[in-house]
Amino acid sequence: MAEKPSCKRRGPKGAFTCFTAAAAEWTGSPFAFLLAALLIIGWASSGWFFQFSETWQLVINTTTTIVTFLMVFLIQSTQNRDTHALQLKLDELIRATHGAHNALLDIEELSEGELLALRDKYEELAESARETLTKGGSDSDSPEIDLSQPKS
């Protein structure tokens, strides 16, 4: 069985983070899936008893809509947390790697235009490396690249 997520943060925000982590862990478990499948089977088999009425259909439609609505927020919360943690780990790798461009730290905060300009610079570097390879050269060096932003 999976370990319980740790809840080190205090206060309402920490409690929410702890709740979403635990709920995501539980809802992603085989037991939760089995429970949901059994509920659907139970609902479907009860259709004969309720004569497949509109109310019978409305119960499952309303229930699944509410659960889906809440799960969107639960998933988004845990995904945001995971993304932030991953970004910090990548930032640490950049910071600790000799020769890496520290200007790429916190790059997710740049505007779309700035990101596209940087992407273009890296695409030029990749194209140059491919040309070098086709001429029999090596592409395993670390050429300098100008990461300064163009003046707008």
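Here are some notes for anyone opening this predicted model for the first time.

1. Start with the overall fold. The protein has four helices and zero strands, so the elements read α-α-α-α from the N terminus on. The radius of gyration is 25 Å, well over the 15 Å that the globule rule gives for 152 residues, so the protein is more spread out than a compact globule. Along its principal axes, the C-alpha trace spans about 75 × 40 × 40 Å.

2. Next, the surface and the inside. Only residues under 20% relative accessible area count as buried, and such residues make up 12% of the 152 in the protein. The accessible surface comes to about 12,500 Å², and carbon and sulfur atoms account for 63% of that. As for contacts between residues at least 6 apart in sequence, 39% of them join residues at least 24 apart.

3. Have a look at Leu38, which sits in helix H2 (residues 30–45). Is Leu38 buried or exposed? Its relative accessibility is 51%, so Leu38 counts as exposed. If you want a feel for distances in the model, go from Leu38 to Pro143: they are 105 residues apart along the chain, and their C-alpha atoms are separated by 59 Å.

4. Helix H3 covers residues 54–96. With 43 residues, H3 reaches 62 Å from its first C-alpha to its last, close to the 63 Å expected at 1.5 Å a residue. Which residues of H3 are buried? They are Trp56, Ile60, Leu74, Ser77, Thr78 and Asp91.

5. H3 is also home to Phe69, which counts as exposed because its relative accessibility is 53%. Phe69 belongs to a nonpolar patch on the surface, together with Ile66, Leu70, Val72 and Phe73. Between them, the patch residues have about 530 Å² of accessible area.

6. Now the charged pairs. How many salt bridges does the structure hold? There are four. One of them links Arg95 with Glu92, where the closest N and O atoms are 2.5 Å apart. Both Arg95 and Glu92 lie in helix H3, three residues apart, or about one turn of the helix. An α-helix has 3.6 residues a turn, so residues three or four places apart point the same way. Glu92 itself is partly exposed, as its relative accessible area is 37%.

7. Helix H4 (residues 112–134) is worth a check with a ruler. Its 23 residues should span 33 Å at 1.5 Å a residue, and the end C-alpha atoms are indeed 33 Å apart, so the two agree. Just after H4 comes Gly136, which takes a positive phi of about 90°.

8. Stay with H4 for Arg119, which has two partners to look at. The side chain of Arg119 meets that of Asp120 in a salt bridge at 3.9 Å, N to O, and that of Glu123 in another at 3.4 Å, N to O. Arg119 and Glu123 are four residues apart in helix H4, so about one helical turn separates them. Because these salt bridges share partners, Arg119, Asp120 and Glu123 are joined into one network. How exposed are its members? Arg119 is partly exposed at 45% relative accessibility; Asp120 is partly exposed too, with a relative accessible area of 35%, and Glu123 is likewise partly exposed, at 42%.

Notes
Residues are numbered from 1 along each chain as its sequence is written. This is a predicted model: local features need pLDDT of at least 70, side-chain atom pairs count only at pLDDT 80 or more; totals for chains, interfaces and linings use all residues. Side-chain values use heavy atoms; hydrogens and water are left out. Helices (H or I, at least four residues) and strands (E, at least two) are DSSP runs, numbered from the N terminus. Buried means under 20% relative accessible area, exposed over 50%, partly exposed in between (1.4 Å probe, protein chains only). Patches are made of residues with over 30% relative accessible area and no salt bridge: like charges are joined within 9 Å, nonpolar side chains (Val, Leu, Ile, Met, Phe, Trp, Tyr) within 5 Å. Accessible areas come from the Shrake-Rupley method with a 1.4 Å probe; for residues, only the protein chains shown count as cover. The expected span of a helix is 1.5 Å times one less than its number of residues. The radius of gyration is taken over C-alpha atoms; the globule rule is 2.2 Å times the number of residues to the power 0.38. Contact means heavy atoms within 4.5 Å.
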